[in-house]
Amino acid sequence: MIKNSFISVISQEENRGSAEFQIVNFTNKIRRLTSHLKFHRKDYLSQRGLRKILGKRQRLLSYLAKKNRVRYKEVITQLDIRESTIR
């Protein structure tokens with residue numbers, strides 16, 4: 001799923017408020033909820049939570065793209081996330 005080396009680098013920074021760290025955490029939650037919803041298709045509260053987390057991650061990614069394009073590209077490639085087309 002997510003490369004362990006990238007997670008260890010982010011977690012060693014001890015800057016849990018950084019956009020990169022929050023994006024990694026949201027990505028882990030999204031993947032966990034996605035696998036949960038494969039088995040529980042009618043769990044509408046989890047679907048709502050997933051949509052909220054997706055929105056939060058999207059806002060953080062757009063913030064990171066505006067502030068530091070190099071770090072944005074690095075995070076996108078490491079986490080294997082598609083680049084957003086809406087700007």
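**Entry 1: Asp80**

I began with Asp80, which is found in the segment after α4. The model is a predicted one, and I keep that in mind for every entry below. I looked up the backbone of Asp80 and found phi near 60°, a positive value in a residue other than glycine. I then asked whether Asp80 is buried or exposed. Its relative accessibility is 66%, so Asp80 counts as exposed, the cut-off being over 50%.

**Entry 2: the chain as a whole**

I stepped back to the overall make-up. The secondary structure comes to 4 helices and 0 strands. Read from the N terminus on, the order of elements is α-α-α-α. I noted that the chain has 87 residues, and that 32% of them are buried. The accessible surface adds up to about 6,400 Å², and carbon and sulfur atoms hold 52% of that area. I also looked at contacts with a separation of 6 or more: 53% of these are between residues 24 or more positions apart.

**Entry 3: Ile23**

Next I picked a residue in helix α2, namely Ile23. The relative accessible area of Ile23 is 0%, so Ile23 is buried. Which residues does Ile23 touch, not counting those up to four places away in sequence? I listed Arg57, Leu60, Leu61, Leu64, Val75 and Leu79. For Leu79 I also took the backbone distance: its C-alpha atom is separated from that of Ile23 by 9.2 Å, with the two positions 56 residues apart along the chain.

**Entry 4: Glu20 and Arg71**

I turned to charged pairs. Side chains of opposite charge can pair when their charged atoms come close. A search of the whole structure gave me 4 salt bridges. In one of them the side chains of Glu20 and Arg71 meet, at 3.2 Å from N to O. This pair links distant parts of the chain, since Glu20 is in helix α2 and Arg71 is in helix α4, 51 residues apart.

I checked the exposure of both partners. Glu20 is buried because its relative accessible area is 10%, and the cut-off is under 20%. Arg71, at 22% relative accessibility, counts as partly exposed. I also noted that Glu20 and Arg71 are linked with Glu74 in a network of salt bridges.

**Entry 5: Glu83 and its partners**

I then followed Glu83. The side chains of Glu83 and Arg69 meet in a salt bridge of 3.0 Å, N to O. The pair links distant parts of the chain: Arg69 is in helix α4 and Glu83 is in the segment after α4, 14 residues apart.

Which other residue forms a salt bridge with Glu83? I found Lys73, with the closest N and O atoms 3.0 Å apart. Here too the pair links distant parts of the chain, Lys73 being in helix α4 and Glu83 in the segment after α4, 10 residues apart.

I looked up accessibility for each of the three residues. Glu83 counts as partly exposed at 33%. Arg69 counts as partly exposed at 32%. Lys73 is partly exposed, with a relative accessible area of 36%.

**Entry 6: Ser84**

I moved on to Ser84, which also lies in the segment after α4, the helix spanning 69-79. Leaving aside neighbours within four places in sequence, I found Ser84 in contact with Gln58 and Tyr72. I also took one backbone distance here: the C-alpha atoms of Ser84 and Ser62 are separated by 8.3 Å, and the two residues are 22 residues apart along the chain.

**Entry 7: the positive patch**

Last, I looked for charge on the surface. I found a patch of positive charge where Lys29, Arg32, Arg48, Arg51, Lys52, Lys56 and Arg59 gather. Which helices each supply at least two residues of the patch? I noted α2 (19-39) and α3 (44-67). Of the contributors, α3 gives the most, with 5 residues.

I took Lys29 as an example from the patch. Lys29 has its place in helix α2. Its relative accessible area is 37%, so Lys29 is partly exposed. Why can Lys29 be part of a patch at 37%? The residues of a patch need over 30% relative accessible area and no salt bridge, and the 37% of Lys29 meets the area cut-off.

Note on methods: Residues numbered from 1 in each chain as written. Predicted model: local features only at pLDDT ≥ 70, side-chain atom pairs only at ≥ 80, totals over all residues. Heavy atoms only, no water. Patch = residues over 30% accessible without salt bridge, like charges linked within 9 Å, V, L, I, M, F, W, Y side chains within 5 Å. Areas by Shrake-Rupley, 256 points an atom, 1.4 Å probe, with all protein chains shown as cover. Lys, Arg positive; Asp, Glu negative; His and termini not counted. Charge placed at Lys NZ, Arg CZ, Asp CG, Glu CD. Buried < 20%, exposed > 50% of the residue type's maximum accessible area, 1.4 Å probe, protein only. Contact = heavy atoms within 4.5 Å.
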